[in-house]
Amino acid sequence: MSLYDDSLLCNYPKCRTKLSGFAWVTACSHAFCDQHGSGEFSRSPAICPACSSALSGKLDIVRTELSPSEDYKAMVLAGLRPDVVLDISARALAFWSYQVHQERMYQEYSLSRAEAQVKQMDKVLTQQNQSRELELTGMRGEIASLKKVMEEYKRKYSEVSERLMERNRQYQKLQGLYDSLRLRNMVVGVGDKDMLPQTGHQDFTGVPRQGTPQRSPQFLSEGDGRFFSCLDADGAKSFFQFSSPAPERGRPFTRKF
């Protein structure tokens, strides 16, 4: 509020509205709006709400009109000596100057409180930023460690994948070898069956002879390979021998015609 501002403010702490119409002024140089002045000064003894001063005099509290009429202005100081008029005017100006000074002090106090609150908030904000930076640093370290763990898992996964692919290739190779050996054994078995003697074969004597019972094929291992055989050593020997009846002793051989 400047010196040339045409309105004062209510000095009630919780009001501070611009004064208009009627106002209550006190001997301690405070002014109040009509609502708070009539409410506070209706009790006895009257106490100033601004400075807690006792207002017991007859003229310590005055309800005045802030915008008086021209007739009032013409007659209020009429008949007074110039020194009295000047004294009244000086006191009125002093009241106004005090209100201006009080408003300036209040604004400076409000500004100092606001600056203190700003400093406090800035301090709190700085502390929060520092704590956030610490948390962020910790999270970055944790992320870095997790990345290392993930890289380690990726490396292990690649190794396991390569081993699995190698095992699959070995399995496919062994499966191919197994299929080829099985197919070859099946072909050899069919050929050996065709070479076996038939049941009821007659030798040179004309006597039917019981066929040798067929043996089941056997696998003979030699080194890392396997060879298919359908006859053992004794069976092969008996297969390639033809038995002939032994001549009876004491009887000469006679040929019949």
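Welcome! The structure holds two aromatic pairs, where rings of Phe, Tyr and Trp (its six-membered ring) pair if their centres lie within 6.5 Å. This is a predicted model, in which local features need pLDDT of at least 70, side-chain atom pairs count only at pLDDT 80 or more, and totals for chains, interfaces and linings use all residues. Residues are numbered from 1 along each chain as its sequence is written, and side-chain values use heavy atoms, with hydrogens and water left out.

Select Trp24 and Phe41. Their rings form a tilted pair, 6.0 Å centre to centre with 50° between the planes; planes under 30 degrees apart count as stacked, over 60 as edge-to-face and the rest as tilted. This pair links distant parts of the chain: Trp24 lies in strand β1 (residues 22–26), and Phe41, 17 residues apart from Trp24, in the loop between α1 (34–40) and β3 (46–47). Helices (H or I, at least four residues) and strands (E, at least two) are DSSP runs, numbered from the N terminus.

Keep Phe41 and add Phe32. Their ring centres are 5.6 Å apart and their planes at 75°, so this pair is edge-to-face. Ring pairs thus link Trp24, Phe32 and Phe41 into a cluster.

Are Trp24 and Phe41 buried or exposed? Both are buried, meaning under 20% relative accessible area (exposed is over 50%, partly exposed in between; 1.4 Å probe, protein chains only). Phe41 has 11% relative accessibility, and Phe32, at 1%, is buried too.

Next, select Arg16 and Tyr106. The charged end of Arg16 sits over the ring of Tyr106, 3.7 Å from its centre; this requires NZ of Lys or CZ of Arg within 6 Å of the ring centre and within 35 degrees of the ring normal.

Last stop: Arg63, whose charged end sits over the ring of Phe22, 4.1 Å from its centre.
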